[in-house]
Amino acid sequence: MTQALRDGGVRVTRQREALVRVLTESADHPDATELHRRAQAIDDTVSLATVYRTLTVLEREGVITGYHARVDPRALGRPLLVFVELKLAAKSNDAFERVKKELAFVPEVMECHLVSGDFDYLIKARISEMASYRKLLGSTLLTMPNVRESKSYIVMEEVKETLSLPIPD
């Protein structure tokens, strides 16, 4: 965070660092007054005006990329979490772009990462049941151009999932 802000010409202060720490560690979506209260527990010199200014700067500089509610997947009928490794038959920028375009429109796919190693993509998907996963795999993922192989991992228990990033001291 600090380097990204400095590169953008923004001064990094203890108060701003305290506020970012509060933001990344908050499980809820606190308003500015609550952010102020929590940040003051870290650094008592944080003012409410600093909170408002810092939020504006962090949003403008792309440090804060959005605000999201965490919704229980079971409440939306998608309790099953699956990770899929996809291996391509041939690797090229064109092949990678085709996969990116295809997966952008698959609602079950929550995340997709181009990775190094024995396979090319790691996909995280949320689905309702195994029959739905079979359909996603057979009708969508394996029919994409240039996909040669897949391996699936059905999650038995979600041990840890967080959006919090550690902030260096």
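On one side of helix α3, Arg37 and Ala41 are exposed (over 50% relative accessible area, found with a 1.4 Å probe on protein chains only). The opposite side, in this helix of residues 32–42, holds Ala32, Leu35, His36 and Ala39, which are buried (under 20% on that scale, with partly exposed in between). Seen down the axis of α3, these buried residues fall within an arc of 100°, so they line one face of the helix; the arc is that of the directions from the helix axis to the C-beta atoms. The buried residues of α3 pack against α2 (14–25) and α4 (48–60), where contact means heavy atoms within 4.5 Å. The model described here is predicted, so local features need pLDDT of at least 70 and side-chain atom pairs count only at pLDDT 80 or more, while totals for chains, interfaces and linings use all residues. Residues are numbered from 1 along each chain as its sequence is written, and side-chain values use heavy atoms, with hydrogens and water left out.

Just beyond this helix, Asp43 sits in the loop between α3 and α4. Asp43 counts as buried because its relative accessibility is 8%. Leaving aside residues up to four places away in sequence, Asp43 touches Arg14, Gln15 and Ala18.

A second helix with two contrasting sides is α5, residues 93–103. Here Ala95, Val99 and Leu103 are buried. Viewed down the axis of α5, the buried residues fall within an arc of 60°, so they line one face of the helix. On the other side of α5, Asn93, Asp94, Lys100 and Lys101 are exposed. The cover over the buried residues of α5 includes β1 (80–88), β2, β3 and α6 (130–141). Phe96 also lies in α5, and it touches Leu88, Lys91, Leu114 and Tyr121 when residues up to four places away in sequence are not counted. Phe96 and Tyr121 are 25 residues apart along the chain, yet their C-alpha atoms are separated by 9.5 Å.

Attention now turns to open space. The second largest pocket has a volume of about 610 Å³. On a 1 Å grid over the protein atoms alone, a pocket is an open set of points where a 1.4 Å probe fits, with protein on both sides within 12 Å along at least five of seven lines. Grid points are joined across faces, edges and corners, and the volume is the space filled by probe spheres set on the points. The pocket has 17 lining residues, and Arg70, Val71, Met110, Lys124 and Glu161 lie nearest its centre; a lining residue has an atom within 4 Å of a point. Both β2 (109–114) and β3 (121–127) supply at least two residues of this lining. By type, the lining divides into seven nonpolar, one polar and nine charged residues, with Asp, Glu, Lys and Arg as charged, Ala, Val, Leu, Ile, Met, Phe, Trp, Tyr, Cys and Pro as nonpolar, and the others, Gly among them, as polar.

Taken as a whole, the protein has six helices and four strands, which are DSSP runs numbered from the N terminus (H or I, at least four residues, for helices; E, at least two, for strands). Along the sequence they follow the pattern α-α-α-α-β-α-β-β-α-β. The C-alpha trace spans about 55 × 35 × 25 Å along its principal axes. Of the 169 residues, 31% count as buried.
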